[in-house]
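Let's work through a few exercises together, with the model open beside you. Try each task yourself before reading its solution.

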Amino acid sequence: MVCLKGSVYLARGKGRSWFGFTHDPALDLTVLHPEGVDSLVSLTPNLPIGIALYILQRLRAEAEKKNPADFQPRPSQTGRFWRKLARTLGWGLLEPAEPTVAETGGQEYAYGRPVTEKNDPELSLWSRRTITLLRDLHELPETTTGFPLHVYRPSGGEETLCWLADLKRVAEVLEGRLLFTSELEMALVEKSQLDGIPFPVGQLEDILQVLALAGIVEIYPSVMMTGPEQVRCVRCGQDSRIAASPCVRCGREKCYYCEECLTMGEARLCRPLYGLAGDENWVARWSQNVLPWLMERIPDSGSEPWESEPREIEECNSPMQSVHDAAMAPAPKEGYSPFWPVLTFPLTPAQEAASEQLLHWLDGNFPERREALVWAACGAGKTEVAFAAIAQVLRRGGRVLFAVPRRDVVLELAPRLQCAFPGIPVTTLYGGSRERFGTSPLVAATTHQAIRFYRAFDLVVLDEVDAFPYQGSAMLYHAVARSRKRAGPVILMTATPDAQMKCEVRSKRMQLVSIPARHHGQPLPVPQILLEKEWRWDREQLIFPEKLLTFLHRSVEGDLSQVFLFVPSVFLAHRVGESLKAATRLPPFNDFKGTWVEYSHSRDPDREAKRQRFSRQLFPIFVTTSIMERGITVPRANVVVLFAENERIYDERTLIQMAGRAGRSTERPYGDVWFVATKITAAMQEAVDTIHWLNGQAQKQGFLLSEEKAAQ
Ligand SMILES: [Zn+2]
Ligand SMILES: [Zn+2]
């Protein structure tokens, strides 16, 4: 873990002044001197980047208020270099400085010589402001009236900062990414291992600073001060879950870190993040017009390889570390591979229609809607519907992120994508994934992985947006929004959109594409409601209503179906499971030697084994909490939701997901769904209404088979 400390400085030259931040003023001066900068004065002691950049931004804002006209660089006065400086984080041009004693004293200072601001009104103003800001942040004792300012002047000697080839290499690896130093180092070392060209990792900090001075790389603290006592995580965008602790890296008593994105590596006040936007073509335009001024000053290493060996880097032990350069992958060449997706099954008419609607939207026919919602009935098959849109983007040389909520879903998705796009190696990223550094324009990843991308993707597809952990996570929402290119389209896919998404659709800010029918062309089973005013218990045994026992018996011995029996808590999974085991030992259930009933919940260590045994139809009744509401399909299924009135657990969307377990297969395209409850809640009613609505849509669009046809 690298901590970045540096100072805020005032740079002056050519009659102008501006603020900057650096870990090494001499480095900045060497780069800036040829542009006419003849002195840097450090305004602060060495501070963690999170504090230094806060001060820098405050000074810049004040300077802008004083001289708004001068802050905006005027084209006649300023070249590209100045504009770049102005748009880099925290930089701003100031009013032209009056010649001062410090400027005109005629004395050439050596690097870092103390200077006094006496008779230098500009320096005196900003140094006083800086002291006030530092005091507000409790960075200075009340009694301190100042500290020595240091002036830096060019030494006159020509120095080689670094090789141009190394600058470019860092830009290539970082493009489209937002990374900690350790992650970037890992990516650089992996690239070195691949192409055999060593990289001087020891110079990385300087190289990044030079790229930042050129306006290419953006440097952020991963946690930033936004005011005295106020902090925000730059990485995940939230400010509510930030804690303070003593820090061994920067040596401070109180250094802030982010609890929200901790599993992805520790964001801290003193830890920098480096970003290079993926949609500005810095690398592609490198030789033409990105860095003419740098090119003149920095030698290209040419064919001479760098002599030093890359040094060992610290291993990241975070489980979520995984670095990959998909974002900088070369664009696929025209005609390189057939970009039409290969499908193992033909699309159903409903899927076909949805797929075409997505293409129509992607081609910019609804420019005000950058997001499309694919609303699919449970089991209607939404993943393949996005393939044509993905192919379209890949064919045009774009990059695609297909993000899903959990690792197990990525592992299941990646081979399907690979089958569909045989010409393109799919990069698979998740916490602890083996793959870290590929070159594919098609990335399958958990939504968490989006946090390491920066304006990289031409299309983002988010599957199961309603599922944990994406649902309700400001962090993941922030990460996904940042991973796409500016105004890049996003496809959201779900069987159960939330109120917010429905509202976006109604107000025409989001394109709606629905897949209301399953592949077999039968309507979704509509839940029936069984009211049970009072539940009766006999000691620890639940007394099941007669109707329910009859239904369960008919399901397993009559229909030869399996039953999902959902309960709202771990406690109830246990109690209901045991009670039902006892009840099924009695008539009308046959005296069956095997197990009628198993139960499971999130704290059950055997839940995965039970899930698999139920999938393989080894027992008929599965009592479970909502952990089994997704991703488990059996050919013949009925569904019972017990205590369905529990609104805290069972919202409309959970109820629809659970009901969606029934009637999925061609073998038994129908099924029974029962909500057993003491009363009818709004959520239950909405779930029933939504299922009716989807069936109505399917009917209207002609996706349901007529009864005679179904009977054939
Ligand atoms: Zn965070
Ligand atoms: Zn620290």
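**Exercise 1. Is Cys247 buried or exposed, and which ion does it serve?**

Step 1. Cys247 has 5% relative accessibility, so it counts as buried; buried means under 20% relative accessible area, exposed over 50%, and partly exposed in between, with a 1.4 Å probe and protein chains only. Cys250, at 6%, counts as buried as well.

Step 2. Before going on, note the ground rules: this is a predicted model, in which local features need pLDDT of at least 70 and side-chain atom pairs count only at pLDDT 80 or more, while totals for chains, interfaces and linings use all residues. Residues are numbered from 1 along each chain as its sequence is written, chains are lettered from A and ligands numbered from 1 in the order in which they are written, and side-chain values use heavy atoms, with hydrogens and water left out.

Step 3. Now find the metal: the zinc ion (ligand 2) has as its protein donors the SG atoms of Cys247, Cys250, Cys255 and Cys270, lying 2.3 to 2.4 Å from it. Donors are N, O and S atoms within 2.8 Å of the metal (3.2 Å for Na, K and Ca); water is not among the atoms, so sites may look incomplete.

Step 4. Check the geometry. The 4 donor atoms around the zinc ion (ligand 2) subtend angles of 103 to 113°, so the arrangement is tetrahedral; four donors count as tetrahedral if all angles lie between 85 and 135 degrees.

Step 5. Along the chain, the donors of ligand 2 are spaced C-x2-C-x4-C-x14-C.

**Exercise 2. Describe the site of the zinc ion (ligand 1).**

Step 1. The SG atoms of Cys233, Cys236, Cys258 and Cys261 coordinate ligand 1 at 2.2 to 2.3 Å.

Step 2. Angles of 103 to 119° between the 4 donor atoms make this arrangement tetrahedral.

Step 3. The spacing of the ligand 1 donors reads C-x2-C-x21-C-x2-C, and both Cys233 and Cys236 are buried.

**Exercise 3. Which residue forms a salt bridge with Glu122, and which parts does the pair tie together?**

Step 1. The partner is Arg12, with the closest N and O atoms 2.6 Å apart. A salt bridge is a side-chain nitrogen of Lys or Arg within 4 Å of a carboxyl oxygen of Asp or Glu.

Step 2. Glu122 sits in helix H6 (residues 121-136) and Arg12 in strand S1 (residues 5-13), so the pair ties together parts that are 110 residues apart in sequence. Helices (H or I, at least four residues) and strands (E, at least two) are DSSP runs, numbered from the N terminus.

Step 3. Add the surroundings: Glu122 is buried at 11% relative accessibility, and Arg12 is buried at 3%.

**Exercise 4. How many salt bridges does the structure hold?**

Step 1. The structure holds 31.

Step 2. One of them joins Arg575 to Glu540, the closest N and O atoms being 3.3 Å apart. Arg575 lies in helix H18 (residues 570-583) and Glu540 in the loop between strand S23 (536-538) and strand S24 (541-543), 35 residues apart.

Step 3. A network of salt bridges links Arg554, Asp559, Arg668 and Asp672.

**Exercise 5. How many residues of helix H1 are buried?**

Step 1. In helix H1 (residues 25-32), 8 of the 8 residues are buried, so the helix is largely enclosed by the rest of the structure.

Step 2. Among them are Pro25, Leu27, Asp28 and Leu32.

Methods. Tetrahedral: all angles 85-135°; square planar, octahedral: opposite > 155°, others 65-115°.
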